[in-house]
Amino acid sequence: MNKFILGFLLALNQSGTGELNLPARIVRVHDGDTVTVEFKFEANIRLLNCYAPELKTDAGKESQKFLEQKLDKNKDVFVKIPVGSKLNKSLSLSRFLGEI
């Protein structure tokens, strides 16, 4: 499903900048490096250049709390998704790779 949605978004990208900047709303923080946002649909965003411990560890739970403090739930944000010539460069484990 995410590949279909990303393909649709890529088709709409007329900027030619190699990235999409989409208005979104933060729904929840999944862990220290993944958040769920809502466009016209809900999507998981794997934060680029952010590497957090797995959620099942104490350090992972601490990093999740840290990110929750930094990102206000229901706050309107822009999500930047870099797009390459291949869809798999913008996806990771059914999550979009991006920046908030």
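1. Residues are called buried under 20% relative accessible area, exposed over 50%, and partly exposed in between. On that scale, the exposed residues Asp 58, Glu 62, Lys 65 and Gln 69 lie on the face of helix α2 that is turned away from its buried side. The model discussed here is a predicted one.

2. Overall composition. The protein contains 2 helices and 6 strands, which follow one another along the sequence in the pattern α-β-β-β-α-β-β-β. Of its 100 residues, 39% count as buried. The exposed surface of the protein comes to about 6,500 Å², and carbon and sulfur atoms supply 52% of that area. Among contacts between residues at least 6 apart in sequence, 55% join residues at least 24 apart.

3. Helix α2, geometry. This helix covers residues 58–70; its 13 residues should span 18 Å at 1.5 Å a residue, and the separation of 19 Å between its end C-alpha atoms agrees with that. Viewed down the helix axis, the buried residues of α2 occupy an arc of 105°, and they therefore line one face.

4. Helix α2, packing. The buried residues in question are Gly 60, Ser 63, Gln 64 and Leu 67. They pack against three strands, namely β1, β2 (34–38) and β3 (42–47).

5. His 30. This residue belongs to strand β1, which runs over residues 19–31. Is His 30 buried, partly exposed or exposed? Its relative accessible area is 42%; because that value falls between the 20% and 50% limits, His 30 is classed as partly exposed. Beyond its neighbours within four places in sequence, His 30 is in contact with Val 35, Leu 55 and Gln 64. Of these, Gln 64 is one of the buried residues of α2. The C-alpha atom of His 30 is separated by 9.8 Å from that of Lys 65, a residue 35 positions away along the chain; Lys 65 is among the exposed residues of the helix.

6. Strands β1 and β4. These two strands pair in the antiparallel sense, over 7 bridges. Arg 25 has Asp 76 of β4 as its bridge partner.

7. Faces of β4. In a regular strand, side chains alternate between the two faces of the sheet. Strand β4 (residues 76–82) has Val 77, Val 79 and Ile 81 on its covered face, while Asp 76, Phe 78, Lys 80 and Pro 82 make up the uncovered one. Asp 76, the bridge partner of Arg 25, thus appears on the uncovered face of β4.

Conventions:
Residues numbered from 1 in each chain as written. Predicted model: local features only at pLDDT ≥ 70, side-chain atom pairs only at ≥ 80, totals over all residues. Heavy atoms only, no water. Helix = DSSP H or I, 4+ residues; strand = E, 2+ residues; numbered from the N terminus. Buried < 20%, exposed > 50% of the residue type's maximum accessible area, 1.4 Å probe, protein only. Contact = heavy atoms within 4.5 Å. Pairing = 2+ DSSP bridges. Expected span 1.5 Å × (residues − 1). Arc of directions from axis to C-beta. Areas by Shrake-Rupley, 256 points an atom, 1.4 Å probe, with all protein chains shown as cover.
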